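Reader: I would like to learn how to read a protein chain, beginning with the overall picture and ending with single residues. Could you take me through it slowly?

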Amino acid sequence: MSDTTVRLSQSRRRRDENTAKMIHSLFLVNSSGDIFLEKHWKSVVSRSVCDYFFEAQERASEPENVPPVIPTPHHYLISVLRHSIYFVAVIQSEVPPLFVIEFLHRVVDTFQDYFGVCTEAAIKDNVVVVYELLEEMLDNGFPLATESNILKELIKPPTILRTVVNTITGSTNVGEQLPTGQLSVVPWRRTGVKYTNNEAYFDVVEEIDAIIDKSGSTITAEIQGVIDACVKLTGMPDLTLSFMNPRLLDDVSFHPCVRFKRWEAERILSFIPPDGNFRLLSYHVSSQNLVAIPVYVKHNITFREGSSQGRFELTLGPKQTMGKGVEAVLVSSQLPRGVLNTNLNPTQGTYTFDPVTKLLSWDVGKINPQKLPSLKGSMSLQAGASKPDENPTINIQFKIQQSALSGLKVNRLDMYGEKYKPFKGIKYMTKAGKFQVRT
Amino acid sequence: MPVVTELFKWEGTKAKLNTHFATENRQFGSKMTDSKYFTTTKKGEIFELKAELNSDKKEKKKEAVKKVIASMTVGKDVSALFPDVVNCMQTDNLELKKLVYLYLMNYAKSQPDMAIMAVNTFVKDCEDPNPLIRALAVRTMGCIRVDKITEYLCEPLRKCLKDEDPYVRKTAAVCVAKLHDINAQLVEDQGFLDTLKDLISDSNPMVVANAVAALSEIAESHPNSNLLDLNPQSINKLLTALNECTEWGQIFILDCLANYTPRDDRESQSICERVTPRLSHANSAVVLSAVKVLMKFMEMLPKDLDYYGTLLKKLAPPLVTLLSAEPELQYVALRNINLIVQKRPEILKHEMKVFFVKYNDPIYVKLEKLDIMIRLASQANIAQVLAELKEYATEVDVDFVRKAVRAIGRCAIKVEQSAERCVSTLLDLIQTKVNYVVQEAIVVIKDIFRKYPNKYESVIATLCENLDSLDEPEARAAMIWIVGEYAERIDNADELLESFLEGFHDESTQVQLQLLTAIVKLFLKKPTETQELVQQVLSLATQDSDNPDLRDRGYIYWRLLSTDPVAAKEVVLAEKPLISEETDLIEPTLLEELICHIGTLASVYHKPPSAFVEGSRGVMHRRLPARTGSGESTESPDVGTAAGGSAPEAAPSIIPSQGDLLGDLLNLDIAPSTTTGPPPPTTGMQMGGMDLLGGGLDSLMGDESEPLGGDIGGSPAMGAGFGVAPAVMPASLNAPVGGGLGDLFDLGGGVGMPMGAYIPPKTVWLPAMKAKGLEISGTFARRAGVIQMELILTNKAMSVMTDFAIQFNRNSFGLAPAGPLQVLTPLGPNQTIEVSLPLSTVGPVMKMEPLNNLQVAVKNNIDVFYFSCQYPISMLFVEDGKMERQVFLATWKDIPNDNESQFQIKDCHLNSDAASNKLQGSNIFTIAKRTVEGQDMLYMSIKLSNGIWVLAELRVQAGNPNYTISLKCRAPEVSQCVFQCYEAVLKN
């Protein structure tokens, strides 16, 4: 206790130095628990603060089970796990946690954007750019420039060519100009954009999340949709995008470029796009509306008491697919711990079973409606052990090209403000998100 | 950081290093990366770098700075290079300049004198024609946390705040906040705060947003300032900027808006209308901040307004959307939704399905979803919910499975119509024979029995089959309780209980206590066959056990049984209060406060924001705004209403702590599984016992007292139950148990009872002369966590008095009667009645002078009388007021010294241990003790019912009867009252 009281009296004398708000520091931690990068926007916070994080990491059964907010005596640690890297932000007092998490996402996205991948190696390879970026993204803990368009004007992304040129000419990868967009009415777009081929592509991608119960009826199903755009248009184009059935979109999040009033009034997306790739909007079709289920699963996974064998039968088939083929089908399931091994026969594709993690995965490929794929056989159980308590859940991934499950359709895309004729394209795709079948 | 030399290992030679880059440059490809900066960490590198930094060649300089930065990034100490790096600052190469700035920010603190060298360049850069350089300079200067530099910073900052370029202005705005953090006085003296306020009216939305952010930050550490003076005009400006600024700016503005209180419902509606578009923002933090503003302002809207309904509908989709985001976001969203669902369940009542758990959700998401599912459970959706819960109960994760099983029990208690189905689901689960599922199921079935007594006893047989597999104390205790409670229906109850008795001493206290009670119950129900058993357990409990709780209870039963078996039956087999529906709701005042802080850490931890705002904001509790416009006045305590009208506004009833007297002595030891609160402290329990003795025994011994069962049955709240019984003598708590009690029970000796809470002697509050013959005297006490006002009403008039009612005016701590004043019989002339009134702390709050003043109105059939009294603040000290040492240290440090007050306590002759013991009885907890040169320093913590913490340091010098006490609290105004309590407690 004497130690404690000494510190107490010291702390009394010292004026509180940091009543600072917002994000204080950032630590990047790899999966083996090493801090490989740290950045402090205010005074330096000792690395030892991460010990609390490591403790939580040890307690967690899976890497993704580390709680996102961890209190320590003087700080709070808010972390996200992306690409097997923990981004751990240190804050000292009340800061909205979502603010921090959103910012961390932006950091991840920026790294990915700059380096192509967001890995420990990529970050270490580009450490100076990383540092420059982090400095530019946050000032005194306040976000400064987080739009990729603006950042790229301030700090040029590394390319092999530029590195060579820089080393030869001694020029720099930091922009000399004030980022033009940052103060205009359209801060997300830089000025003076020029392309020889003017093109605008939109991808409507829908992910279906569903839980199907044993008997095959839907417990819950919802669609998360996004419209991702790749717009390479000269000048200041003003686009409008209209839908055949805009009423589907009652729960939407927009990119800041979308004029909200126009959407409210006319259900038309009107916007000056950022340059390059961006997410125009994301939407959510809830379980209230009827969501079509594109595949069905017939299964029979049974264990008998006293027997060291279990039966495993699984058949997949298309359900409501709007006439399109279901492809890239991948089935995975976490089998009970008691299962030692499996002996299964797929009618198509390949299957693997990892006896350590008990993860069964079956790469099916395309579903042929005439000849449904199935996986049948037996599972061997530990001899003498009682039958497993838990029922495995089956996870299914699939893709359906050229169709959006919700039925959302783009009506037309128009461009104003510029004279040239752009090339336009719209693509639809449906994917499985968290699509789970209980057995 | 270790010393430099340890890190840089000597290997290469200078020549080798110099050719390093040349060779790499020739190999085009992936090796051309910054990782090369990591490869050259050799001993002597510092000298190498020094030379390179001082090189004439620009390129070499830049490479060297990059290497320095790279080392710094990975936490190596390169501060020795400070002067050399600073020398590179005067350059027109922007990248090099930025790199040097990066370095400066990191190391200026450790090299303040060197940092001064950089000042000139900063000042010059602030005049640069390129706005980017101006902004960069002012931004960097603010990050150099060196006092000496700040003086030089003022002039450039002033210019930059008025710069023609908005990019510079917005950067300068943030710089004011930085400077304030370093030297607040300087910022005020220089008038920067006013300039900052002017920037709120700036034409550029980004500048506005940054000014708001800076002002909000400064305001946090400046509780009294009126910095963000929000009025309709400035609100309008903020709302305009809201549409145009960046997502981060929107968060700042929305959080700032949330602090505003609109004048009327119309203004409130117009703000809501302008904020709702933010719900469609892609940034979830913007969405949640918008939800906060709307949740707060919609409180002011009349419920019959069309717009109110529209707004409710608009809130659901964005909340649902948050749940499809990444798990970390989901977690924060779920914690907030948990609050929203408690405040306004109607918003998400149709969205149950989105909370269904996916098997690969992270565990922290699963648990939160489960909690919300139960909160949303209703008759309409219970079938779905139960099917889901049953599914979860077969998952792999043990913690989650347990929670799911408990959730089924909570559903049964919450939705009465579903109870039967829940019970059968639980039985199905018991059939699975999975050990932890069975145990968990039995624990919740016990709760279901308590909610619906005599309804589901048919399942007992099934439960008994699983007796042998129970190995967890909680499950064993639950099972024993069930056997004892329904002993008359279980043929072999005696055998079952006897089987537990064999290993009595190896059981945990919980099980031992339960077993004791169960066997006594069994005996009272089947006295003929079980005499031996009861004697066995009583002797085990009283003679062979060294657990004071167990021994006490054993003695009580023993004496009860031997003195008056009839009374024993009435006490032990009394009807128990039912457990209430929702056992884990957040207390309403806290909930209101948390709703005002949606999106913050407080909302994630469901703790009052004051626990997080480590500045010195004091007690600025945010409350939801009240509806205005109707013009009701609630100023004076209005007693005109019926006697029952004094109950606080239909707050959902919450089981406070389960250690209440009744539950305790009788048979409800097992804290219901659903309670999340801390376990009741032992003092509370002991006092519960004492209380019961005081009340219960008096009526047992008194010849014509009314049956005790009636008292219990009719009492409104658990805590109040025995309070109604006459003669709860406060004195008997402090003194060794006196009078007939002491004779009967030798509890006072030997056992080492913790001392009870200090209760001041009763004083006359309302003399008969002033109140047409009604004399009221009284005092306040805290018993087992319940605050009680103990009153003696004496009728000194000639006529009978009836129809008593009581009401409090608003007061500092929100004290309010928790039930009506229980004067059941008319009070005849010259009659006296003692009444104990349980109080709650959820009433309306108004600061009183003095702080502990309470204005009371009492009504009877004759008139309404007013008086005021002062309560000892110690009765607001809650039982969980013991702080963790670490937290104590951190908190002590964080409370500014201005909030510390010192007092002397004179003529106190206790030693420090005795003092500590005595104080503990009043919930003043000693956290640590240290002895220095014969002086004992005691560090103590106190928590008030409204969440304010008071930290104390008590210095006791051996042989000196004068104590010194220092109190630290974020709300220093309570210190005086707290000191008075110390004095009162220690001297009595």
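Author: What follows goes from the whole of chain B to one residue inside it. This is a predicted model, in which local features need pLDDT of at least 70 and side-chain atom pairs count only at pLDDT 80 or more, while totals for chains, interfaces and linings use all residues. Residues are numbered from 1 along each chain as its sequence is written, chains are lettered from A and ligands numbered from 1 in the order in which they are written, and side-chain values use heavy atoms, with hydrogens and water left out.

Reader: How many helices and strands are there in chain B?

Author: Helices (H or I, at least four residues) and strands (E, at least two) are DSSP runs, numbered from the N terminus. Chain B has 42 helices and 13 strands.

Reader: What share of the residues in chain B is buried?

Author: A residue is buried under 20% relative accessible area, exposed over 50%, and partly exposed in between, using a 1.4 Å probe and protein chains only. Of the 988 residues in chain B, 61% are buried.

Reader: Is Tyr103(B) buried or exposed, and which residues does it touch?

Author: Tyr103(B), which lies in helix H7 (residues 94-107) of chain B, counts as buried because its relative accessible area is 0%. A contact means heavy atoms within 4.5 Å, and, not counting residues up to four places away in sequence, Tyr103(B) touches several residues, among them Val68(B), Met72(B), Phe82(B) and Val85(B). Although Val85(B) is 18 residues apart from Tyr103(B) along the chain, their C-alpha atoms are separated by 7.8 Å.
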